[in-house]
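Me: I have a protein model open and I don't really know how to read it. Could you walk me through a few features?

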Amino acid sequence: MSVLSSTFKEHLKNFNLDLGQKAGITRKSAQSKYGLERLHKMSSNENPLGPSPKAMEAIRAAIPFIHEYGFKSDHDFIHALAMHFDHRLAPDQYITGNGALEVLELLAQTFLGPGLECICSTPSFHIYEMFGQVTGSVVKSIPLKPNYIDLDLDAIFRAINDKTRLIIINNPNNPIGSVIPKSQIDILVDNVPDHVIIVHDEVYFHFLAEENFSWAMDYIEQGRHVVGLHSFSKGFGMAGIRLGYGFSTPEISRYLRKTVRPFKINTLSMVAGLAALKDTDHIKKSQRVISEGKAYLNAQFDEMGIKYYPSHTNFILFRSPGPVKEVIEYLMLHGVMVRSGEINGARGCIRVTIGLPDANEAFVQACKHYMKLD
Ligand SMILES: Cc1ncc(COP(=O)(O)O)c(C=O)c1O
């Protein structure tokens, strides 16, 4: 055995989450693997309208200047975020990252470590567990109630102890699309011990159809130990630019900012984010496309007799009409890429991202064909 084996961190030795497999495949590799000229990519909850035209314009204008270290810090961006949210929080209460994922990584790095614990409610975004484990922490997964809506609050409170640092809640939930009733998040926020931070990942918030929602910002304004997570990958249609942010109380944000390196966010992401924040037309258009596509797909699921979970997001989780792998492969061969719900803990389910009408129709046709309904 190499001498480096003892240099390599002990808790990472058995760590192999096969992320490549779990993160899904890109359009290009799916097309080349399955020999598909055309592919409807309905697998990663991206915005089918693409990025804001204003963001694309801002990127084009910034390209000649990328030889320079354009942004030493995220100063301009956090000020724009503070303004975007009507100055409810101060600029330095926002923490930017290369996607919400990097903010999660920063949370894990700042608050977790060997001997400490993190609680996640499942099914939910599987990567939460990875960030906990990579720091050497114990990750406790507490299943949602069988309706896939309600938190199992009793089990969560039983799991909390002196070592608990983070409770990560995904709301609206990926892969289910459901919203946890605000009354339950209120109970959680009101009753967790002071040393515990609740991370409220609300990256799908643009597609919410729920007025009484447990916004992280409301709790933060009350001084609660909550961190909200937002992303430019979903509503803003810029998954490839890798931009997201967290926000929290002045104290928690200060801890998170301690290890942030200079020049973390690249110039093109920064200018794209600044432009996208102002492009309310693009957001409205995206919300309309998703809500129309959702109504169409829900009606089609009803017609095909497929059970689905009512969604507050830009995707729908449905019970697979056959073995999950077989159905996914069948749809892929018919030019439609969807995602197994099982990766995120929803057994027997498939998740389809709502697309433009032609993609939605191609998905329905392929399902009907598989079920011999056509
Ligand atoms: C619940 C949830 N949180 C975070 C992310 C990642 O966001 P980002 O692309 O900003 O890193 C995703 C991506 O699918 C997600 O579903």
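Below we talk through the ligand site, one helix and some unusual backbone spots.

Reply: Before we start: this is a predicted model, where local features need pLDDT of at least 70, side-chain atom pairs count only at pLDDT 80 or more, and totals for chains, interfaces and linings use all residues. Residues are numbered from 1 along each chain as its sequence is written, and side-chain values use heavy atoms, leaving out hydrogens and water.

Me: Okay! How many residues surround the ligand?

Reply: Here a residue is near a molecule if one of its heavy atoms lies within 4 Å of it. In this model 14 residues surround the ligand, and the closest are Ala100, Asp201, Tyr204, Ser231 and Ser233.

Me: Which polar side-chain atom lies 2.6 Å from an oxygen atom of the ligand?

Reply: A polar contact with the ligand is a pair of N or O atoms within 3.5 Å. The atom you're after belongs to Ser233. Asn174 also has a polar side-chain atom, 2.7 Å from a ligand oxygen, and for Lys234 an N or O atom of the side chain is 2.8 Å from one. As for cover, the protein hides 93% of the 400 Å² of accessible area that the ligand has on its own (Shrake-Rupley method, 1.4 Å probe).

Me: Now helix 12. Is it mostly covered or mostly open?

Reply: Helices are DSSP runs (H or I, at least four residues), numbered from the N terminus. A residue is buried under 20% relative accessible area, exposed over 50%, and partly exposed in between (1.4 Å probe, protein chains only). Helix 12 spans residues 267–278 and is mostly covered, with nine of its 12 residues buried. Among them are Met270, Val271 and Leu277. The cover includes helix 4 (53–62) and helix 5 (75–84). At the N-terminal end, Asn266 acts as a cap: its side-chain oxygen is 2.9 Å from the backbone nitrogen of Leu268.

Me: Where is there a cis peptide bond with omega of about -5°?

Reply: Look between Asn171 and Pro172. A second cis bond joins Asn174 and Pro175, with omega of about 25°. Pro172 sits in the loop between strand 5 (164–170) and helix 9 (182–191), and Pro175 is in the loop between strand 5 and helix 9 too. Strands are DSSP runs as well (E, at least two residues).

Me: And what is phi of Phe263?

Reply: Near 60°, a positive value in a residue other than glycine. Phe263 lies in the loop between helix 11 (250–257) and helix 12, and at 39% relative accessibility it counts as partly exposed.

Terms used
A polar contact is a pair of N or O atoms within 3.5 Å; within protein, one must be able to donate a hydrogen and the other to accept it, and residues adjacent in sequence count only if both atoms are side-chain atoms. The expected span of a helix is 1.5 Å times one less than its number of residues. Contact means heavy atoms within 4.5 Å.
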